[in-house]
Amino acid sequence: MAALLFCVLRFPADQVLAASDPAEVPLTVRQSFEVKNPEKDLDLTGIYALQALEADAPMPEGTKEEIYSFSLNGEQAETIISLQYGTAGIYQYQLFQTTEEKESYQYDRSCYEITVYVKNGNNGQLIPQVIVEKADGKKYGELEFQNSYHGKEPEPSKPSKPGGTEKPDQPGKPVKTGDAADMTVYVMIAGGALLLAAISYRKRQDQKTE
């Protein structure tokens, strides 16, 4: 009893409670969607999964068979996954996208390796540290997936004729040229020649009569 009383007096009440408080680790997951030439029925939903690599790793509510599935919708969307740790240790996870492939859509297939180190502090509290990596071995400060949608390019519009009205072509109708004008000149020349011949003939007949 004396030893127990000594321990209670030696450690204040707030520090004893802190030792039993779990450590919380919030994981912020972001989605971005690059959209070009959008259509009416555009689907900007991404499906994601957080998978625990150890059976004793803490997981959010709604986890099934060590996998927590969730979705993000929009060109810019995010969510926060809260993990609670009650004991020190090393906990490992994988975060990846499971959205089914669709035409004109491209989904980020990155796989994040998440390691949470939880250690005991000097005052009995739990201190977490999060390390995020990809398969390339580089460390990342954010959990972000960059998706895209590239629709079909719109067809170029045809230039309209002046006046705003276009008449369809009429096949079979002959195209007018300058032949008619040339024939008129020839007829006038021939008529003038006949007239001069007639006048000349008339003068010769008058001379014979005299």
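Where is the place of M183? M183 sits in helix α3, which covers residues 179-209. The views below show this site and others in a predicted model.

**View 1. A nonpolar patch on the surface includes M183.** Three residues make the patch: M183, Y186 and I189. The patch has an area of about 370 Å². M183 counts as exposed because its relative accessible area is 52%, and the cut-off for exposed is over 50%.

**View 2. The largest nonpolar core has 26 residues.** Y85, Y93, L95 and I114 have the most contacts inside this core. Eight strands are listed as giving two or more residues to the core: β1 (23-36), β2 (45-52), β3 (67-73), β4 (76-85), β5 (89-97), β7 (111-120), β8 (126-133) and β9 (143-150). In soluble globular proteins, nonpolar side chains tend to be buried together.

**View 3. Y85 touches many residues beyond its sequence neighbours.** Leaving out residues up to four places away in sequence, Y85 touches P22, A23, V25, P58, Y91, Y93, V116, V118 and L126.

**View 4. A second core stands separate from the largest one.** This core has five residues. Among them are F33, L44, Y107 and Y149.

**View 5. Four strands form an open sheet.** Their order is β4-β1-β9-β6, and the pairing is mixed. The edge strands are β4 and β6 (105-106), and each pairs on one side only.

**View 6. β6 pairs with β9.** The two strands run in the antiparallel sense, over two bridges. Which residue stands opposite Y105? Y149, in β9, does. Y149 also belongs to the second core.

Note on methods: Residues are numbered from 1 along each chain as its sequence is written. This is a predicted model: local features need pLDDT of at least 70, side-chain atom pairs count only at pLDDT 80 or more; totals for chains, interfaces and linings use all residues. Side-chain values use heavy atoms; hydrogens and water are left out. A nonpolar core is a set of buried Ala, Val, Leu, Ile, Met, Phe, Trp, Tyr and Cys residues joined through side-chain atoms within 4.5 Å. Buried means under 20% relative accessible area, exposed over 50%, partly exposed in between (1.4 Å probe, protein chains only). Contact means heavy atoms within 4.5 Å. Patches are made of residues with over 30% relative accessible area and no salt bridge: like charges are joined within 9 Å, nonpolar side chains (Val, Leu, Ile, Met, Phe, Trp, Tyr) within 5 Å. Accessible areas come from the Shrake-Rupley method with a 1.4 Å probe; for residues, only the protein chains shown count as cover. A salt bridge is a side-chain nitrogen of Lys or Arg within 4 Å of a carboxyl oxygen of Asp or Glu. Two strands pair if DSSP finds at least two bridges between them.
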